[in-house]
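I opened this notebook to record what I looked up, topic by topic. The entries follow the order in which I worked.

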Amino acid sequence: MIADSSSLNSPSALPSSSQNRGTGVTNTTLSAFGSLIKLLPTGTVFVFQFVNPVLTNSGDCNATSKWLCSILLVLCGFSCAFSSFTDSYTGSDNQRHYGIVTTKGLWPSPASNTVDLSTYKLKFGDLVHAVLSLSVFAVLGLLDTNTVHCFYPGFESTQKRLLQVLPTAIGVFAGGLFMIFPNDRHGIGYPLTSDSNDTSPKSNDTTASPPQNINPNDSTTV
């Protein structure tokens with residue numbers, strides 16, 4: 001008797017189905033937090049999404065994997081908060097320079113002969129942005145499929161319900177805070193927008209008068 005081909009393929013289909021389900025939840029997480037990810041440093045988000053599946057063995061982790069994943073979450077969370085206290089400017093050497101905002105201005109300050117770094121002082125809004133960035137990453141990282149399977153596998157059903165509520169709630173909360181404390185920093189890991197702090201020397205070619213054509217037949221004398 002020849003066995004049914006469908007019965008032979010069913011065992012191998014189970015891991016694929018589980019993998020597809022995990023991938024689907026991951027894609028749902030990223031799409032749900034798509035607009036909120038813009039509040040986080042691009043490099044930090046990329047590192048977490050790339051390294052987390054490796055450290056957690058795609059959610060099937062042991063004690064060592066849990067420690068490594070915990071360290072990754074802490075480091076990425078620190079990076080998100082720290083980036084809120086950084087800024088950049090274009091110096092007199094036409095190069096982009098990054099520094100840490102302090103109560104006295106931006107530090108360190110190379111090539112700043114034409115830049116008033118005292119205007120980059122630490123503000124209360126920087127603390128608000130740091131807390132907000134850390135909160136967004138905490139939700140994103142803790143609701144990641146691999147993190148859920150590694151630390152609290154029984155939480156998967158609740159994870160789907162939270163993905164329907166948290167992005168909207170955090171989005172409204174974050175939008176309100178950014179209206180009160182607008183972010184005008186161009187710190188480490190954030191894309192550059194229109195740079196109002198560009199103090200590079202400008203060319204004066206546009207002010208030069210164009211050469212005038214001299215008529216050789218002009219006999220005007222002085």
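**Entry 1: the strands**

I looked first at β2 and strand β3 (residues 106-107), which run antiparallel and are joined by 2 bridges. The model is a predicted one. I then asked which residue of β3 stands opposite I100. I found W107 there.

I turned next to the hairpin of β2 and β3, where 4 residues lie between the strands. In this hairpin I noted that G105 takes a positive phi near 140°.

On β1 I recorded residues 86-90, and on β2 residues 96-101. These two strands also run antiparallel, and I noted 5 bridges between them. I looked up T86 and found that its bridge partner in β2 is I100. I100 thus appears twice in my notes: with T86 and with W107 in β3.

β1 and β2 form a hairpin as well, with 5 residues between them. In its turn I noted N94, which has a positive phi of about 65°.

I then put the strands together. The 3 strands form an open sheet in the order β1-β2-β3, with antiparallel pairing. I recorded β1 and β3 as the edge strands, since each of them pairs on one side only.

**Entry 2: positive phi in a loop**

I kept a general rule in mind here: most residues other than glycine have a negative phi. I therefore wrote down two residues from the loop between α3 and α4, N57 and S58.

For N57 I noted a phi near 55°, a positive value in a residue that is not glycine. S58 is not a glycine either, and its phi is positive at about 60°.

I asked of each whether it is buried, partly exposed or exposed. N57 is partly exposed, because its relative accessible area of 45% lies between the limits of 20% and 50%. S58 counts as exposed, because its 52% relative accessibility is over 50%.

**Entry 3: the cysteines**

How many disulfides does the structure hold? I found 1. The disulfide joins C61 to C150, with 1.8 Å from S to S. I recorded the link of C61 and C150 as right-handed, with 120° about the S-S bond.

I then looked up where the two partners sit in the chain. C61 is in the loop between α3 (42-55) and α4 (63-83), while C150 is in helix α6 (residues 145-151). They are 89 residues apart, so I wrote that the pair links distant parts of the chain.

I checked the burial of both partners. C61 is buried, because its relative accessible area of 17% is under 20%. C150 counts as buried for the same reason, at 5% relative accessibility.

I also looked at C69, which is in no disulfide. The nearest cysteine sulfur to that of C69 belongs to C150 and is 5.4 Å away. C69 counts as buried, at 0% relative accessibility.

Why is the sulfur of C76 not in a bond with that of C80? The sulfur in C80 is the closest cysteine sulfur to that of C76, but at 6.9 Å it is too far for a bond, because a disulfide needs the two sulfur atoms within 2.5 Å. C76 counts as buried, at 6% relative accessibility.

**Entry 4: the annotated spans**

I consulted the UniProt record, an unreviewed entry. Its annotation "transmembrane region" covers residues 36-55, 67-85, 127-143 and 163-181. I examined two of these spans in the model.

For residues 127-143 I noted 94% helix and 0% strand, with the end C-alpha atoms 24 Å apart. For residues 163-181 I noted 95% helix and 0% strand, with the end C-alpha atoms 26 Å apart.

**Entry 5: a nonpolar patch**

Which residues form a nonpolar patch on the surface? I listed F78, F82, Y98, I188 and L192. Together they have about 480 Å² of accessible area.

I followed one member, I188, further. It lies in the segment after α7 (156-180). I188 counts as partly exposed, because its 41% relative accessibility falls between 20% and 50%.

Technical notes:
Residues numbered from 1 in each chain as written. Predicted model: local features only at pLDDT ≥ 70, side-chain atom pairs only at ≥ 80, totals over all residues. Heavy atoms only, no water. Patch = residues over 30% accessible without salt bridge, like charges linked within 9 Å, V, L, I, M, F, W, Y side chains within 5 Å. Areas by Shrake-Rupley, 256 points an atom, 1.4 Å probe, with all protein chains shown as cover. Salt bridge = Lys/Arg side-chain N within 4 Å of Asp/Glu carboxyl O. Buried < 20%, exposed > 50% of the residue type's maximum accessible area, 1.4 Å probe, protein only. UniProt positions renumbered as here; feature names shortened; annotations may be inferred. Pairing = 2+ DSSP bridges.
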